[in-house]
Amino acid sequence: VILSKLNINNLTPFGYYKGNYSGYYGEINHPITRDIVYQKLKINPEHSTFLNFGKDQITRIAVVTGSGGHYFNEAIELGVDLFITGDNDHTLYHPAKENQINVLFAGHYYTETFGIKALMEKIGQDFPVETIFLDIPTNL
């Protein structure tokens, strides 16, 4: 859902763990900036951390919501310009800097609500039930 909001093409699973993939990566036709990422995802820069070590014009993005930092090496191998995850993981600082990759830590809670909201909408469309999302952020 996060990548669809950024108009990413060619979504490809990555982050293999116990028989499943935890994230996706893909490319965008027209490069975007960090500010556009914040705008399209409706992220308040004050409630996130952005390691600005990569390109200003971002075309290749990988996302793993929640605690996705342990997939960062795979994102490096994929040659992404931006890695988006939830938890602020200090161990990614130097690898991001050395590999010149931007990293957006958008918050564990925040990154995982995209999927829940999409599921809620799908259930509301497919079944005769009312759904609501109780937004109770943890600021983590």
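Let's start with the sheet: six strands make up an open sheet with mixed pairing, and if you walk across it you meet them in the order β1-β2-β4-β5-β6-β3. At the two edges sit β1 (residues 9–17) and β3 (residues 49–51), each of which pairs on one side only. As you step from one strand to the next, the twist averages 20°. Keep in mind while you look around that this is a predicted model.

Zoom in on the β1 edge. Strands β1 and β2 run antiparallel, and six bridges join them. To find your place in this pair, look for Tyr-17, which stands opposite Asn-20 in β2. Tyr-17 is also where β1 ends, since that strand covers 9–17, while β2 covers 20–32.

Now move on to helix α2, which spans residues 34–41. Which of its residues are buried? Those are Val-37, Tyr-38 and Leu-41, and buried here means under 20% relative accessible area. The three cover an arc of only 95° around the axis, so they end up on the same side of α2. Turn to the other side of α2 and you'll find Asp-35 and Gln-39, both exposed, that is, with over 50% relative accessible area.

Next, the empty space. Rolling a probe the size of a water molecule over the atoms shows where such space is left. The largest pocket holds about 430 Å³. Its lining counts 21 residues, and the closest to the pocket centre are His-47, Ala-106, Gly-107, Tyr-110 and Asn-139. Which helix gives the most to this lining? That's α5 (residues 108–126), with five residues. Sorted by class, the lining has seven nonpolar, 10 polar and four charged residues.

The second largest pocket has a volume of about 340 Å³. Here 16 residues do the lining, and Val-1, Ser-22, Tyr-24, Val-63 and Thr-65 are the closest to the centre. Where does the lining come from? Helix α1 (2–5), strand β2, strand β4 (58–64) and helix α5 each supply at least two residues. That brings us back to the sheet, where β2 and β4 follow one another in the strand order. By class, the lining of this second pocket has nine nonpolar, six polar and one charged residues.

Helix α5 is a handy landmark for both pockets: α5 gives five residues to the lining of the largest one and at least two to that of the second largest.

Methods
Residues numbered from 1 in each chain as written. Predicted model: local features only at pLDDT ≥ 70, side-chain atom pairs only at ≥ 80, totals over all residues. Heavy atoms only, no water. 1 Å grid on protein atoms, 1.4 Å probe; cavity = no way out; pocket = protein on both sides within 12 Å on 5 of 7 lines; lining within 4 Å. Points joined across faces, edges and corners; volume = space filled by probe spheres on them. Helix = DSSP H or I, 4+ residues; strand = E, 2+ residues; numbered from the N terminus. Nonpolar A, V, L, I, M, F, W, Y, C, P; charged D, E, K, R; others polar. Pairing = 2+ DSSP bridges. Axes fitted to C-alpha atoms, helices over the stretch in contact; angles between N-to-C directions. Buried < 20%, exposed > 50% of the residue type's maximum accessible area, 1.4 Å probe, protein only. Arc of directions from axis to C-beta.
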